[in-house]
Amino acid sequence: MKASHVLVTTTEAMPGYRIERVLGPVLGVAARSRSPYVEGLKSLTDGHSTDAEHRRDLMAGCRVEAIRHMLNQASGAGANAVVAMRFDHRAVTDVWNEVCAYGTAVWVVPLRRSGQIGPGRPAATADSVL
């Protein structure tokens, strides 16, 4: 299964689905420099970006990268979903930050309602996040 087809939720259950198997914890890690100069600071004179906006964009990109790594690990374990996804972060050195995305890899099956398959995908899928 492709990582982009792995469902993701921050809740412990997935509405419209039943967890059939728990495959175990999965983790994705991304590291970023705290220095915008190491990451390539955008021009502050272009009228569209500031140092704070650039740092925010770098950190958001770091979270997306960590999710992508987590989803690849989940997919490799045979999961079609990750439940209870969370983020953690820490300073690795004075210059580098680490962002972790983690959760529980599971195999889910849709619930049946009135002869039809459940309500569909949860609000967040790998495609909508990545």
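**V29**

I started at V29 and asked whether this residue is buried, partly exposed or exposed. V29 is partly exposed, because its relative accessible area of 35% falls between the cut-offs of 20% and 50%. I note here that the model is predicted. V29 lies in strand β2.

Next I looked up what V29 touches. Leaving aside neighbours within four places in sequence, I found V29 in contact with A66, H69, E98, V99 and C100. I also took the C-alpha distance from V29 to E65, which is 7.6 Å. V29 and E65 are 36 residues apart along the chain.

**Overall layout**

I then stepped back to the whole protein chain. It has three helices and six strands. From the N terminus on, I read the elements as β-β-α-α-β-β-β-β-α. The chain has 130 residues, and 35% of them count as buried.

I also checked how far contacts reach along the sequence. Of the contacts between residues at least 6 apart in sequence, 74% join residues at least 24 apart.

**The sheet**

In what order do the strands of the four-stranded open sheet stand? I read β1-β3-β4-β2, with mixed pairing. The edge strands are β1 (7–8) and β2, each of which pairs on one side only. V29 therefore belongs to an edge strand, since V29 lies in β2 and β2 is an edge strand by its pairing.

I went through the pairings that involve β3. β1 and β3 run parallel and are joined by two bridges. In these, V8 has V82 as its bridge partner in β3, and L7 has A81. On β3 and β4 I counted nine bridges, in the antiparallel sense. H89 stands opposite V99 of β4. V99 is also one of the contacts of V29. β3 and β4 form a hairpin, with four residues between them.

**A84**

A84 lies in strand β3, residues 81–91. I looked at the backbone here and found phi of A84 near 55 degrees, a positive value in a residue other than glycine. A84 is buried, because its relative accessible area of 17% is under the 20% cut-off.

**The nonpolar cores**

Which residues touch the most other members of the largest nonpolar core? I noted V26, I67, M70, L71, A74 and V82, out of 16 residues in this core. The elements that give two or more residues to this core are β2 (17–33), α2, β3 and β4 (96–110). The largest share comes from α2, with six residues.

Apart from this core lies another, of seven residues. Among its members I found L7, M14, Y17 and V83. L7 is also the residue whose bridge partner in β3 is A81.

I picked two members of the largest core for a closer look. Not counting residues up to four places away in sequence, A74 touches V6, V26, A79, V82 and A105. V26 and V82 appear again here, both having been listed with A74 in the core.

The second was I67, in helix α2 (residues 51–76). I67 is buried, because its relative accessible area is 7%, against a cut-off of 20%. I took its C-alpha distance to V8, and the two atoms are separated by 9.4 Å. I67 and V8 are 59 residues apart along the chain. V8 is the residue bridged to V82 in β3.

**Charges and rings**

How many salt bridges does a search of the whole structure find? I found one. It joins R18 and E20, whose closest N and O atoms are 3.6 Å apart. I checked the exposure of both partners. R18 is partly exposed at 44% relative accessibility, and E20 is partly exposed with a relative accessible area of 40%.

I also looked for a charge over a ring. R63 lies over the face of F87, at 4.2 Å from the ring centre. Last, I searched for aromatic pairs, and the structure holds zero.

Conventions: Residues are numbered from 1 along each chain as its sequence is written. This is a predicted model: local features need pLDDT of at least 70, side-chain atom pairs count only at pLDDT 80 or more; totals for chains, interfaces and linings use all residues. Side-chain values use heavy atoms; hydrogens and water are left out. Buried means under 20% relative accessible area, exposed over 50%, partly exposed in between (1.4 Å probe, protein chains only). Rings of Phe, Tyr and Trp (its six-membered ring) pair if their centres lie within 6.5 Å; planes under 30 degrees apart count as stacked, over 60 as edge-to-face and the rest as tilted. A charge sits over a ring if NZ of Lys or CZ of Arg is within 6 Å of the ring centre and within 35 degrees of the ring normal. A nonpolar core is a set of buried Ala, Val, Leu, Ile, Met, Phe, Trp, Tyr and Cys residues joined through side-chain atoms within 4.5 Å. Contact means heavy atoms within 4.5 Å. A salt bridge is a side-chain nitrogen of Lys or Arg within 4 Å of a carboxyl oxygen of Asp or Glu.
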